[in-house]
Structure formats: structure tokens, C-alpha cells
Amino acid sequence: MTDHELQLKSIEYRRTLLRAIFHAGAGHTGGSLSCVDILNLLYNRILRVSPKTFADVVPDRYVQSKGHSVEALYVVLADRGFFPKSELETLCRYQSPFVGHPTRKVPGIEMNTGALGHGLPISTGMAIAGKLDAADFRVFTLLGDGELAEGSNWEAAMAAAHYNLDNLTAIIDHNTLQISGHTRDVCSNEPLDEKFRAFGWAVRTVNGHDFAELTAALSKPLEKGKPSCIIANTIKGRGVSFMENTIKWHHGVPSEKEFALAIQELDAAEAQLKGVKK
């Protein structure tokens, strides 16, 4: 896909996930919207994985550590053909596997997550296994910035550097907001870049909504012999003006009026983008 096609795809994803959350009456709206572009880029340009190859040894691995933003992942997996898009309509319904956090009952999900701080340790283990088997795959994990208050992340970060896991990439969805406020106020973890470098990682900071910057950062490991940390600066609620940088939308569900307004904004953005020359 071209960057222009990815931009249009992200609008489609945002519209679909908002529809799913609205009809389910539950979901983590703001964080799902902030990481859509990252997941779009990963599954449509970077990851070597498909419904046919998911269970094989070679394909890359993706673990969504910030599991509460699973709606974005469900939408992307459906679009990539892991399951019918119609199944998104069962989100949070009785006996549906499409619950509020990733579960391996859903095709395409690598690992159950949701308890914060587990994704990076799991991914570190996968990367170690890859090294031991001399396997040609990379491991990617997406973390929330508020999630980094969990100490298990830093144990994993230390181990990943110790074992020279250059097949491991951690992406931080750095939208600076968590459920109870700004991360800098709740439990400051800044400066993130210096912290990860101190733990022995190669680090790059990018615009998490810019496909060119994301592609350059994720196409290959940043440095031989070191795990890669990509700090993706994002906007919580990205794509819907009244949701952007607003704490209430951490897990807010739009009313009928708000949903209609959000879809109207996304439709307008799509129309404008389609009018731009590629």
C-alpha cells in the first residue's frame, strides 16, 4: 500500500471501530484511535503474517500489550481476513470471543493480554526463543505509556538488552494520557528515550501518525545487537476532534449524537483525502 492508501485505510478503520464500540456500548475509544495508524502500518506493510501463515514458525509475531485497546486490533485483523468482518458486530456480547481484551480464541491473536506489563516480558521470551532456534522472525509489541509504571516492563527491558535481542521491537503508544490523567502527573516516566537507552536499547522517536516515519523506524532493527524501542508520539482520540486529548474518552462510549458527529468528521476527512492527488 502507498502512504495515501494507508491514510484512507486508517479512516476506514476508525469508522469501523467506532461503530463496533457504539453498538457494543463498551470499549476503550481514545487509546484505540491513537494506535490505529501503528497497527495499520504493521499489518499492511511490515509484519510477515497472514491468515494462512499465522501458525507457521517463520512469520513475525505481534503482541498487543496495551490490551484494553483491542478494538483497533480486531478491526485490522478482520480487514486482513483473519475472520469475517461481520463478527465485529458481536463485540462484548454473550459467548462472543470478541471481549474487551485480546484472547487467543480470536484468530490472529498471538497471546492473551490485558494485565498491563505482561506484553513486553512475553515478547522478550518469544525473541529469546527465536534466537535459540536461529529462526528468521521478528517480534513486535505495542505498549501504552501509562503501562510503563509496571515494573515487569523494566525487568524485561533489562533482559532483552542482556540477550542482545535485535529481533525485538517495542513500540510505545505515547499519547501521554491514561485513565486518571496525564502520565506525567500520575507517575512520570519521562524522559522515556533516555530511560530505554540506559537499559541498553536502541531508541527512535517518531510521529505515530506519520506512515513514512513509522516505516523507516520499523522496517528493520535500529541497531545490530540491541532491542529497538520506537517511541510513537500519538494523539489520544486521533481523528475525531472532540475526542482528541480528552481523558473522558479513555473508555468513553459515544452517544447516538456523538457517534453521528464522529462519523461525519471521518467521512469529511475521507472525501478531502480522496480529492488529494496521490
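The following dialogue discusses how to read the sheet, one helix and several side chains of a predicted model.

Trainee: How are the strands of a sheet held together, and in which order do the five strands stand here?

Mentor: Strands of a sheet pair through backbone hydrogen bonds, in either a parallel or an antiparallel sense. In this model, five strands make an open sheet with parallel pairing, and the order is β1-β2-β3-β7-β6. Its edge strands are β1 (61–64) and β6, each of which pairs on one side only. From one strand to the next, the twist averages 20 degrees.

Trainee: Over how many bridges do β1 and β2 pair?

Mentor: The parallel pairing of β1 with β2 extends over four bridges. Within this part of the sheet, Q64 stands opposite L142 in β2.

Trainee: At the other edge, over how many bridges do β6 and β7 pair?

Mentor: Strand β6 (residues 202–207) pairs with strand β7 (residues 228–233) in the parallel sense, over six bridges. As one instance of register, R204 has I230 in β7 as its bridge partner.

Trainee: Which helix joins β6 and β7 in a β-α-β unit, and what is the hand of that unit?

Mentor: The helix is α8 (residues 211–218), and together with β6 and β7 it makes a right-handed β-α-β unit. Helix α8 lies across β2, β3, β6 and β7, and runs at about 165 degrees to β6.

Trainee: Which residues of α8 are buried, and against what do they pack?

Mentor: F211, L214, T215, A217 and L218 are the buried residues of α8. They pack against the helices α1 (3–24) and α2 (29–46), and also against the strands β2 (139–144), β3 (168–174), β6 and β7. A polar contact is found at the start of α8, where a side-chain oxygen of D210 comes to within 3.0 Å of the backbone nitrogen of A212.

Trainee: Let us turn to single residues. Why does S228 count as buried?

Mentor: S228 counts as buried because its relative accessibility is 1%, and the cut-off for burial is under 20%. This serine lies in strand β7. A polar atom of the S228 side chain lies 3.0 Å from the backbone nitrogen of L222. Leaving aside residues up to four places away in sequence, S228 touches L168, T169, A170, W201, A202, P221 and L222.

Trainee: Is A135 buried or partly exposed, and where does it lie?

Mentor: A135 is partly exposed, with a relative accessible area of 22%. The residue lies in the loop between α4 (119–132) and β2. A135 and N167 are 32 residues apart in sequence, and their C-alpha atoms are 9.8 Å apart in space.

Trainee: How is a pair of aromatic rings described, and how many aromatic pairs are there in this model?

Mentor: Such a pair is described by the distance of the centres and the angle of the planes. The count here comes to nine aromatic pairs. In one of these, W154 and F199 have ring centres 5.1 Å apart and planes at 50 degrees, so the pair is tilted. W154 lies in helix α5 (residues 151–162), whereas F199 lies in the loop between α7 (192–198) and β6, so the pair ties together parts 45 residues apart in sequence.

Trainee: Which of W154 and F199 is buried and which is partly exposed?

Mentor: W154 is buried, at 16% relative accessibility, while F199 is partly exposed, at 29%. Both residues belong to one aromatic cluster, formed by W154, F196, F199 and W201. W201 is also among the residues that S228 touches.

Notes: Residues numbered from 1 in each chain as written. Predicted model: local features only at pLDDT ≥ 70, side-chain atom pairs only at ≥ 80, totals over all residues. Heavy atoms only, no water. Pairing = 2+ DSSP bridges. Helix = DSSP H or I, 4+ residues; strand = E, 2+ residues; numbered from the N terminus. Right-handed = clockwise from strand over helix to strand, strands pointing away. Buried < 20%, exposed > 50% of the residue type's maximum accessible area, 1.4 Å probe, protein only. Contact = heavy atoms within 4.5 Å. Polar contact = N/O pair within 3.5 Å; in protein donor to acceptor, adjacent residues only side chain to side chain. Axes fitted to C-alpha atoms, helices over the stretch in contact; angles between N-to-C directions. Phe/Tyr/Trp six-rings, centres within 6.5 Å; stacked < 30°, edge-to-face > 60°.
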